[in-house]
Amino acid sequence: MLSEMFKQGLFITAELHIKPDVDLDKAINAIHQFCDEMNNEPGCSFALALQDQKEPRKIIFWERYEDHTAFEQHFQADHTQRFIEAGLTDLVQAFESKLLVKEL
């Protein structure tokens with residue numbers, strides 16, 4: 001996984017907020033499972049979830065996909081649809097980015 005972090009690809013950073021009426025432990029367990037499933041997707045090099053220390057309901061996903069096609073396929077995956085349909089979180093913002101590297 002570490003070697004993939006330094007290869008060009010499509011990096012996604014997404015801020016989600018666990019809804020106030022959702023049990024925090026239930027949501028965290030679902031997020032762990034979702035990351036495990038994302039890490040087994042073809043074209044997804046890694047998916048990490050980070051929890052804000054001051055606002056525990058704020059979750060940051062950091063993901064790397066080989067390309068935009070792999071990212072689009074991510075949304076077609078059954079586990080992604082299940083996570084969205086569970087309604088545990090709201091998407092606050094998301095960014096698509098690439099590595100900032102010096103051209104040779």
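These legends describe close-up views of a predicted model.

**View 1. Glu-41, a buried residue with no salt bridge.**
Glu-41 sits in the loop between helix H2 (24–38) and strand S2 (44–51). The nearest side chain of opposite charge belongs to Arg-82, 9.6 Å away. A salt bridge needs a nitrogen and an oxygen within 4 Å. Glu-41 does have a polar partner: its side chain and that of His-79 make a polar contact of 2.7 Å. Beyond its neighbours within four places in sequence, Glu-41 is in contact with Tyr-65, His-74, His-79 and Thr-80.

**View 2. The largest nonpolar core.**
This core holds 21 residues. Ile-18, Ile-31, Met-38, Ile-59, Phe-61 and Tyr-65 touch the most other members. Two or more residues each come from strand S1 (10–18), H2, S2, strand S3 (58–65) and helix H3 (68–76). H2 gives the most, with six residues. In soluble globular proteins, nonpolar side chains tend to be buried together.

**View 3. Met-38 and its contacts.**
Met-38 is among the core residues that touch the most other members. Leaving out residues up to four places away in sequence, Met-38 touches Cys-44, Ala-47, Phe-61, Glu-63, Tyr-65, His-74 and His-79.

**View 4. The buried side of helix H3.**
Ala-70, Phe-71 and His-74 are the buried residues to find in H3. They lie on the same side of H3 because they cover an arc of only 100° around the axis. An α-helix has 3.6 residues a turn, so residues three or four places apart point the same way. The cover over the buried residues of H3 includes S1, H2, S3, helix H4 (78–86) and strand S4 (89–97). At the start of H3, look for Asp-67: one of its side-chain oxygens comes within 3.2 Å of the backbone nitrogen of Thr-69.

**View 5. A salt bridge between distant parts of the chain.**
The structure holds four salt bridges. One joins the side chains of Lys-19 and Asp-90, at 3.9 Å from N to O. Lys-19 lies in the loop between S1 and H2, Asp-90 lies in strand S4, and the two are 71 residues apart. Lys-19 counts as partly exposed, at 23% relative accessibility. Asp-90 is partly exposed too, at 39%.

**View 6. Two further salt bridges, Arg-64 with Glu-66 and Lys-58 with Glu-55.**
Arg-64 and Glu-66 meet at 2.9 Å, N to O. Arg-64 is buried, with a relative accessible area of 1%. Its partner Glu-66 is partly exposed, at 43%. In the other pair, the closest N and O atoms of Lys-58 and Glu-55 are 3.7 Å apart. Glu-55 is partly exposed, at 41%.

How values were computed:
Residues numbered from 1 in each chain as written. Predicted model: local features only at pLDDT ≥ 70, side-chain atom pairs only at ≥ 80, totals over all residues. Heavy atoms only, no water. Helix = DSSP H or I, 4+ residues; strand = E, 2+ residues; numbered from the N terminus. Buried < 20%, exposed > 50% of the residue type's maximum accessible area, 1.4 Å probe, protein only. Lys, Arg positive; Asp, Glu negative; His and termini not counted. Polar contact = N/O pair within 3.5 Å; in protein donor to acceptor, adjacent residues only side chain to side chain. Contact = heavy atoms within 4.5 Å. Core = buried A, V, L, I, M, F, W, Y, C linked by side-chain atoms within 4.5 Å. Arc of directions from axis to C-beta.
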